[in-house]
Amino acid sequence: MTGCKGTETTTSNSSSDTESTAPASTTDKSELEELYFARLDSAKMSFTQADVKFMIGMIAHHAQALVMSRLAPENGASASVQRLASRIINAQKDEIATMQQWLKDRNQPVPQFEIEGLNLMVEISGEPYTMYKKMNGVLSDEQLRELGEAKGKEFDRLFLKYMIEHHSGAVQMVTKLFGTDGAAQDEQAFRLASDIQVDQRTEIERMRMMLNQLSD
């Protein structure tokens, strides 16, 4: 009898342990997930107005690179310049989408733009955003018209010359961001700005070589 009672008691305790442990484990996991996502949200809020200004400006800056690059096929650019222009379009469209999402995730105004030929229209919160025209490397309306009218080898020369200046302006924007107290502490902003800096410096060197070959 004693043995039977012992068995019953043991079985009963085991069942009780199982019933009490499962809900607690589920609760712990749920709490950890909540904590994880709360920390992710908190991390997204560790940005500065300098970061926001950089994203907004760089979106417009990149958009003008799209205007320039779109001209390559129809203006009779060489195959190498057309490949370069195609790479710039693909890379900068992806970066624009990333920067727009970065701003959206942080409840900040997101610039939208339209391109019609040489015309670039950028709006932010429903208002025209033209401040980008004062940024380093951004082509003036006269320079854009000059590029738009150039054909063949002359287009290649102007495209490379102006895109080197354009990329250099973007590199300067990144340098300024990194030199601003408290800026680029956000992990995604830092990674994006770093990638822009590295990629565009590399492309500048490539374009300088291509420009030198045109002069030979």
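These legends go with an overview and three close-ups of a predicted model.

**Before you look.** Local features are given only at pLDDT of at least 70 and side-chain atom pairs only at pLDDT 80 or more, while totals for chains, interfaces and linings use all residues. Residue numbers start from 1 along each chain as its sequence is written, and side-chain values use heavy atoms, with hydrogens and water left out.

**Overview: the whole chain.** The chain has six helices and three strands; these are DSSP runs numbered from the N terminus, with helices being H or I of at least four residues and strands E of at least two. Starting at the N terminus, you'll meet them in the order α-α-α-β-β-β-α-α-α. Of the 216 residues, 38% are buried; buried means under 20% relative accessible area, exposed means over 50%, and partly exposed is in between (1.4 Å probe, protein chains only). About 12,700 Å² of the chain is exposed, and carbon and sulfur atoms supply 51% of that; the areas come from the Shrake-Rupley method with a 1.4 Å probe, and for residues only the protein chains shown count as cover. Take the contacts (heavy atoms within 4.5 Å) between residues at least 6 apart in sequence: 75% of them join residues at least 24 apart.

**Close-up 1: glutamate 203 and its neighbours.** Glutamate 203 sits in helix 6, which covers residues 187–215. This glutamate 203 counts as buried because its relative accessibility is 12%. Leaving aside residues up to four places away in sequence, glutamate 203 touches Leu84, Arg87, Ile88 and His167. With histidine 167, there's a side chain to side chain polar contact at 2.7 Å; that term covers a pair of N or O atoms within 3.5 Å, where within protein one must be able to donate a hydrogen and the other to accept it, and residues adjacent in sequence count only if both atoms are side-chain atoms.

**Close-up 2: glutamate 146 in helix 4.** Helix 4 (residues 141–149) is home to glutamate 146. At a relative accessible area of 35%, glutamate 146 is partly exposed. Skipping residues up to four places away in sequence, glutamate 146 touches Leu158 and Tyr162. Leucine 158 is twelve residues from glutamate 146 in sequence, and their C-alpha atoms are 8.4 Å apart.

**Close-up 3: the two sides of helix 4.** Leu144, Leu147 and Gly148 are the buried ones to find here. Looking down the axis of helix 4, its buried residues fall within an arc of 100 degrees, so they line one face of the helix; the arc is taken from the directions from the helix axis to the C-beta atoms. These buried residues pack against helix 2 (49–74) and helix 5 (152–178). Glu142 and Glu149, on the other side of helix 4, are exposed.
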